[in-house]
Amino acid sequence: MSTMQATTVKCPNCGRTNRVPAAAEGRPRCGHCKQPLPWMVDAGDDDFTEVAERADVPVVVDLWATWCGPCRMVSPALEKVATDLAGRIKLVKVDIDKNPRLSQRFEVQAVPTLLVLDQGETVARQAGAAPAPALRQWVEQSITAREG
């Protein structure tokens, strides 16, 4: 199941709506004010490599399920983190029920399972929901440790 498509994102800086592709080189910027845009996309078994593993920026992967209450709680927190860290990370959401190969590959035993990938390599992993400030700290520590 391919989920490759562009999404529309409202620029947190100027409020303009921009189309952001699921996979692209570089980092998305607002066509109007040129500020970094939050990069939040869905991916599946068929397009995960192109969308997540080939990204130029660290990728936060949210492995979730529609029936999961904590997943519904963590989703807005992850979107806030992606907005706060616009230009530094990409958020890729994967519905494990629709994408069993990815669920199996990442050995998902609980949802949500969160990963940080850098050039396709898993550099951090955690299971369970957390508030936005804790998620942001985890993501920043994961990408800073990798940079340093």
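## Exercises on K93, helix 2 and the sheet

The side chains of K93 and S75 form a polar contact at 3.0 Å (an N or O pair within 3.5 Å, one atom able to donate a hydrogen and the other to accept it; residues adjacent in sequence count only if both atoms are side-chain atoms). The model is predicted, so local features need pLDDT of at least 70 and side-chain atom pairs pLDDT 80 or more, while totals for chains, interfaces and linings use all residues. Residues are numbered from 1 along each chain as its sequence is written, and side-chain values use heavy atoms, without hydrogens and water.

**Exercise 1. Determine in which strand K93 lies, whether K93 is buried or exposed, and which residues K93 touches.**

Step 1. K93 belongs to strand 5, residues 90-95. Strands (E, at least two residues) and helices (H or I, at least four) are DSSP runs numbered from the N terminus.

Step 2. K93 counts as buried because its relative accessibility is 12%; buried means under 20%, exposed over 50%, and partly exposed in between, with a 1.4 Å probe and protein chains only.

Step 3. Leaving aside residues up to four places away in sequence, K93 touches V41, D42, A43, D62, W64 and S75, where contact means heavy atoms within 4.5 Å.

**Exercise 2. Describe the span of helix 2, locate its bend and list its buried residues.**

Step 1. Helix 2 comprises 16 residues, 69-84, and reaches 24 Å from first to last C-alpha, close to the expected 22 Å; the expected span is 1.5 Å times one less than the number of residues.

Step 2. At S75, the partner of K93 in the polar contact, helix 2 bends by about 25°, and the proline P76 follows within four residues. The bend is the angle between axes fitted to the seven residues ending at a residue and the seven starting there.

Step 3. The buried residues of helix 2 are C71, V74, S75, A77, L78, V81 and A82. An α-helix has 3.6 residues a turn, so residues three or four places apart point the same way.

**Exercise 3. Establish the strand order of the sheet, and state which strands helix 2 touches.**

Step 1. The open sheet has 5 strands in the order 3-5-4-6-7, with mixed pairing; two strands pair if DSSP finds at least two bridges between them.

Step 2. Strand 3 (40-42) and strand 7 (121-127) are the edge strands, each pairing on one side only. From one strand to the next, the twist averages 20°.

Step 3. Helix 2 packs on this sheet and touches strands 3, 4, 5 and 6, its direction making about 160° with that of strand 5. Such axes are lines fitted to C-alpha atoms, for helices over the stretch in contact, with angles from 0 to 180 degrees between N-to-C directions.

Step 4. Strand 4 (residues 59-64) and strand 6 (residues 113-118) run antiparallel and are joined by 5 bridges. In this pairing, V59 stands opposite L117 of strand 6.

**Exercise 4. Find which residues the cis peptide bond joins, and characterise the backbone of E107 and of K34.**

Step 1. The cis peptide bond joins V111 and P112, with omega about 0°. P112 is in the loop between helix 3 (100-105) and strand 6.

Step 2. E107 is placed in the loop between helix 3 and strand 6. Although not a glycine, E107 has a positive phi of about 50°; at 58% relative accessibility, E107 counts as exposed.

Step 3. K34, also not a glycine, has a positive phi of about 70° and lies in the loop between strand 2 (17-20) and strand 3.
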